[in-house]
Structures are given as C-alpha cells and as structure tokens.
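Hi everyone, thanks for coming. I'd like to walk you through one chain today, from the overall fold down to a few single residues. Here it is on the screen.

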Amino acid sequence: MKIILENIAKKYHGTCLFKDINFTFEKGKIYAITGKNGSGKTTLLHIIAGYLTPTQGKVYINYHSEIILGTSDTYHQHLSWAAHYIELVEQYSIYESIKFHHIFDPLTTDNELNKIIKRGNFQDMENTLVSHLSSGMKQRLKLLLAFASARPILLLDEPTTNLDEENISWYLDQINMQNEKIVIISSNLPHEYQMSSDFLHIGT
C-alpha cells in the first residue's frame, strides 16, 4: 500500500501556503510532516485525510493495484485519525466510547473491548464518563481509538498535546507497535516523531 501526493498545492485567499509537494508514503514506515508554526502541516494532513481539497494536485492510495482517489467515497475507510481538536461524545463512558467507535471503525484482531480498555490503561475507570476525564485522559482515549483501529493508515496531528510524561511514554510504546501501517505524524516536537526515519518538511 502507498499514499501518493502529486503536485499538491494549497492557497488561501490568493496566498499560497505550500506548492509542488510530491511525496510517497509506504506501508511499514513512520513518517513525520515537519515545519514551523503556520507552515501548513495540519492543512497538509487534512488534505491527505481527504478533509480538505488541494488547490492543485491529487492524493491517492495505491492499494493492491487499485487507485483510490482522496475524493472517493471509500477513501476514508482506509484511515484512522487522532488529534487533540477531535471531539468525543461527552455523555458516553470510556467503555461506551470504544464500543460506539467500533461500529464505524474495525478494531485490530485483538478486538475484545476489555483488552482494548486494558491497552489504554483504563481498566479501573471504564464506566467513567468522558465529560469527567481530564484533557490528558481524553487525548489518551483519542489515541487509543486510533491505535486500536485495523485500518492500514494512521494519521496523527500533534499527538502528545495535553499528555504528561507517563502518557507520552505510553504513546511511544503504542506507536512502535504500528509496524504494519502507514503512520504519518504532523508535528514540530521531536519527541513525537523520534521513531521516524522519513520526513516531509514543508515551508522555508
């Protein structure tokens, strides 16, 4: 599996944020999109996810010789995603959140919900409402839902936002288990992508 960016450009109000981005992401590798604040890291990740349309160029998945464009109705079925600005259902418990998420996003073969809960270190608080969680715990839950997904592409935007040192260590352990996926991390914090060996730097 590959994600291919061809001549990607994005303009806002006539100003070019970035242009002429050509890059290929391959299965089994962890990539980092880096650049200073305002360079367009999150925007590019949103384009890769199919949330935004590029001003120029195309994004597509090459999957078993099948070409799936970023605008295709089936494109999102290959992606899991975690970011600090994604909302959770506040009225659900942790257990209910994972169960609900599982309806739309198949989990890994280790798909018993209690095992997923244990993987996120939530086993003593599975009935706690999301609304009662700290910002760090909410972020850990968002990451857990993405890490436990069986989908072959994992996109992470500033993944350790609101995490303390213990949870950053948990994040690093979990991401090193994603070796069968394409993993793309948008960040300008080296500890978030310290395991990456491939980089796409945007901006000057």
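So, to start us off: how many helices and how many strands are there in the chain? Please keep in mind that we are looking at a predicted model. The count is five helices and nine strands. If you follow the sequence from start to end, the pattern reads β-β-β-α-β-β-β-α-α-α-β-α-β-β. The radius of gyration is 17 Å, close to the 17 Å that the globule rule gives for 204 residues, so the chain is as compact as a globular protein of that length.

A few overall figures next. Along the principal axes, the C-alpha atoms fill a box of roughly 50 × 35 × 30 Å. Of the 204 residues, 49% are buried. Among contacts with a separation of 6 or more, 69% are between residues 24 or more positions apart. As for the surface, about 10,400 Å² is accessible, and carbon and sulfur atoms hold 48% of that. The chain carries 18 positive and 22 negative charges, and the mean positions of the two sets lie 6 Å apart.

Now let's go inside. Which residues have the most contacts within the largest nonpolar core? They are I98, L141, L156, Y171, I175 and I185, in a core of 33 residues. Two or more residues come from each of these elements: β3 (30-34), α2 (94-104), α3 (113-119), α4 (135-147), β7 (153-157), α5 (165-175) and β8 (182-186). The element that gives the most is α4, with six residues.

Let me pick out I175 from that core. Setting aside residues up to four places away in sequence, I175 touches I30, F147, L156, V183, I185 and M195. There is also a second core, separate from that one, with 27 residues, and L5, I33, A83 and I184 are among them.

Two buried residues are worth a stop here. The first one I'd like to show is A32, which sits in strand β3. Is A32 buried or exposed? Its relative accessibility is 0%, so A32 counts as buried. Beyond its neighbours within four places in sequence, A32 is in contact with I185, Y193, S196, D198, F199 and L200. You can also trace a link across the sequence: A32 and L156 are 124 residues apart along the chain, and their C-alpha atoms are separated by 9.4 Å.

The other is S97, in helix α2. At 7% relative accessibility, S97 also counts as buried, the cut-off being under 20%. Once neighbours within four places are left aside, the contacts of S97 are V89, Y92, V130, L141 and L145. You may remember L141 from the list of residues with the most contacts inside the largest core.

Staying with helices, have a look at α1, residues 41-49. How many of the nine residues of α1 are buried? Eight of them are, so this helix is mostly covered. The buried ones are K41, T43, L44, L45, H46, I47, I48 and A49. As a reminder, an α-helix has 3.6 residues a turn, so residues three or four places apart point the same way. In α1, the buried residues include K41, L44 and I48 as well as T43 and I47. Right after α1 comes G50, with a positive phi near 85°.

That brings me to positive phi values outside glycine. N7 is one example, with phi at about 55°. N7 belongs to strand β1, residues 2-12, and is partly exposed, with a relative accessible area of 39%. Where do we find N162, another residue of this kind? N162 is in the loop between β7 and α5, with a phi near 75°. Its relative accessibility is 45%, so N162 counts as partly exposed.

One last residue before we talk. S169 is in helix α5 and is partly exposed, with a relative accessible area of 39%. S169 and F25 are 144 residues apart along the chain, and 25 Å separates their C-alpha atoms.

That's my tour. Thanks for listening, and I'm happy to go back to any part of it.

Definitions and conventions: Residues are numbered from 1 along each chain as its sequence is written. This is a predicted model: local features need pLDDT of at least 70, side-chain atom pairs count only at pLDDT 80 or more; totals for chains, interfaces and linings use all residues. Side-chain values use heavy atoms; hydrogens and water are left out. Helices (H or I, at least four residues) and strands (E, at least two) are DSSP runs, numbered from the N terminus. The radius of gyration is taken over C-alpha atoms; the globule rule is 2.2 Å times the number of residues to the power 0.38. Buried means under 20% relative accessible area, exposed over 50%, partly exposed in between (1.4 Å probe, protein chains only). Contact means heavy atoms within 4.5 Å. Accessible areas come from the Shrake-Rupley method with a 1.4 Å probe; for residues, only the protein chains shown count as cover. Lys and Arg count as positive and Asp and Glu as negative; His and the chain ends are not counted. The place of a charge is taken as NZ of Lys, CZ of Arg, CG of Asp or CD of Glu. A nonpolar core is a set of buried Ala, Val, Leu, Ile, Met, Phe, Trp, Tyr and Cys residues joined through side-chain atoms within 4.5 Å.
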